[in-house]
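I opened my notebook to look up how the strands and helices of this model fit together. I wrote each entry as I went.

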Amino acid sequence: MRLILLGPPGAGKGTQATRLVEKFGIPQLSTGDMLRAAVAAGTPVGLKAKAVMESGGLVSDEIVIGIVADRIEEADAKKGFILDGFPRTVAQAEALDVMLTQKGLKLDAVLELQVDQNALVHRIVRRAEEAKAAGQPVRKDDDPEVFKTRLEAYNRDTAIVAPYYQKSGQLKVIDGMQPIDDVTKAMNAALGA
Ligand code: AMP
């Protein structure tokens, strides 16, 4: 099973991806997580990505496409994967198509979590509070001002990715405003699982 999860920051992609991982036994490939790990490790990619990520902008297509190309070569991704946070631009979607075609692979579905953007700022404020209360690190970009920039980047560059997959008939739209368990049920139903 090869899936893409689309939706603005704070839509619940990470939460739902974790559940899909359990259900299908395939890895979640989150470009945000990979980039944060690169920043923490101080790798060349991390050094390039750090400031852009902290400001809420998008890391260059070249860097992100490179890390995804490497990651899907790894053994655990051979049986499938859930892409979370990628593709975020049409150029990334096109590059993914090329990568998959070269490997003779196809996507099974693209799931878009549709949410009311007005509700998202509250969600990320809560996410930051919950992380803090649990003694977990709080993401620097889970800050209301930076979040606005992330949402602008989404609306400018990423919102057009869903129509890209609509054209190819792969897009399934899910109401992301439902309670978390209902979103999971709707996703499973969309996948026929
Ligand atoms: P996320 O965890 O998906 O919200 O991503 C956190 C940050 O990582 C984003 O705000 C971007 O700066 C960067 N990032 C993650 N995925 C991508 C991507 N596919 N393209 C460009 N930048 C990305």
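I started with strands E4 and E5. The model is predicted. Strand E4 covers residues 109-114, and 5 bridges join it to E5. E4 and E5 run parallel. I picked one residue to follow across the pair. Glu112 stands opposite Val173 in E5.

Next I looked up the whole sheet. In what order do the strands of the open sheet lie? I read the order as E2-E3-E1-E4-E5. That makes 5 strands, with parallel pairing. Then I checked the edges. E2 and strand E5 (171-175) are the edge strands, and each pairs on one side only. I also noted the turn between neighbours. On average, neighbouring strands of this sheet are turned by 25° against each other, direction ignored.

I then asked what packs on this sheet. Helix H1 does, and it touches E1, E2, E3 and E4. The direction of H1 makes about 175° with that of E3.

My next entry is on strand E3, residues 81-84. I looked at its pairing with E1 before anything else. Strand E1 (residues 2-6) pairs with E3 in the parallel sense, over 4 bridges. Here Leu3 stands opposite Ile82 of E3. Then I turned to E2. Strand E2 holds residues 28-30, and 3 bridges join it to E3. E2 and E3 run parallel. Leu29 has Leu83 in E3 as its bridge partner.

Are the faces of E3 covered or uncovered? I found both covered. Phe81 and Leu83 lie on one side, Ile82 and Asp84 on the other, and all of them are buried.

I went back to H1 for its contact with another helix. Helix H1 (residues 13-24) packs with helix H9 (residues 180-190). Their axes are 10 Å apart, at an angle of about 55°. H1 and H9 are therefore oblique to each other. The crossing of H1 past H9 is right-handed. I listed the residues that meet. From H1 they are Thr15, Gln16, Arg19, Leu20 and Lys23. From H9 they are Ile180, Asp181, Val183, Thr184, Met187 and Asn188. I sorted this contact by class: 4 residues are nonpolar, 4 polar and 3 charged.

I did the same for helices H6 and H7. H6 holds residues 120-133 and H7 holds residues 144-158. Their axes come within 10 Å and cross at roughly 130°. H6 is therefore oblique to H7. This crossing is right-handed. Which residues make the contact? On the H6 side I wrote down Leu120, Val121, Ile124, Val125 and Arg127. On the H7 side I wrote down Pro144, Phe147, Arg150 and Leu151. By class, the contact of H6 with H7 has 7 nonpolar residues, no polar ones and 2 charged ones.

My last entry is on a single residue, Arg71. I found Arg71 in helix H4, which holds residues 61-71. Is Arg71 buried or exposed? Its relative accessible area is 16%. Buried means under 20%, so Arg71 is buried. I then looked up what Arg71 touches, leaving out residues up to four places away in sequence. The residues are Pro27, Leu29, Met34, Asp76 and Ala77. I had met Leu29 already, as the bridge partner of Leu83 in E3.

Key:
Residues numbered from 1 in each chain as written. Predicted model: local features only at pLDDT ≥ 70, side-chain atom pairs only at ≥ 80, totals over all residues. Heavy atoms only, no water. Helix = DSSP H or I, 4+ residues; strand = E, 2+ residues; numbered from the N terminus. Buried < 20%, exposed > 50% of the residue type's maximum accessible area, 1.4 Å probe, protein only. Contact = heavy atoms within 4.5 Å. Axes fitted to C-alpha atoms, helices over the stretch in contact; angles between N-to-C directions. Parallel < 35°, antiparallel > 145°, perpendicular 65-115°, else oblique. Left-handed = near helix turned anticlockwise from the far one by under 90°. Nonpolar A, V, L, I, M, F, W, Y, C, P; charged D, E, K, R; others polar. Pairing = 2+ DSSP bridges.
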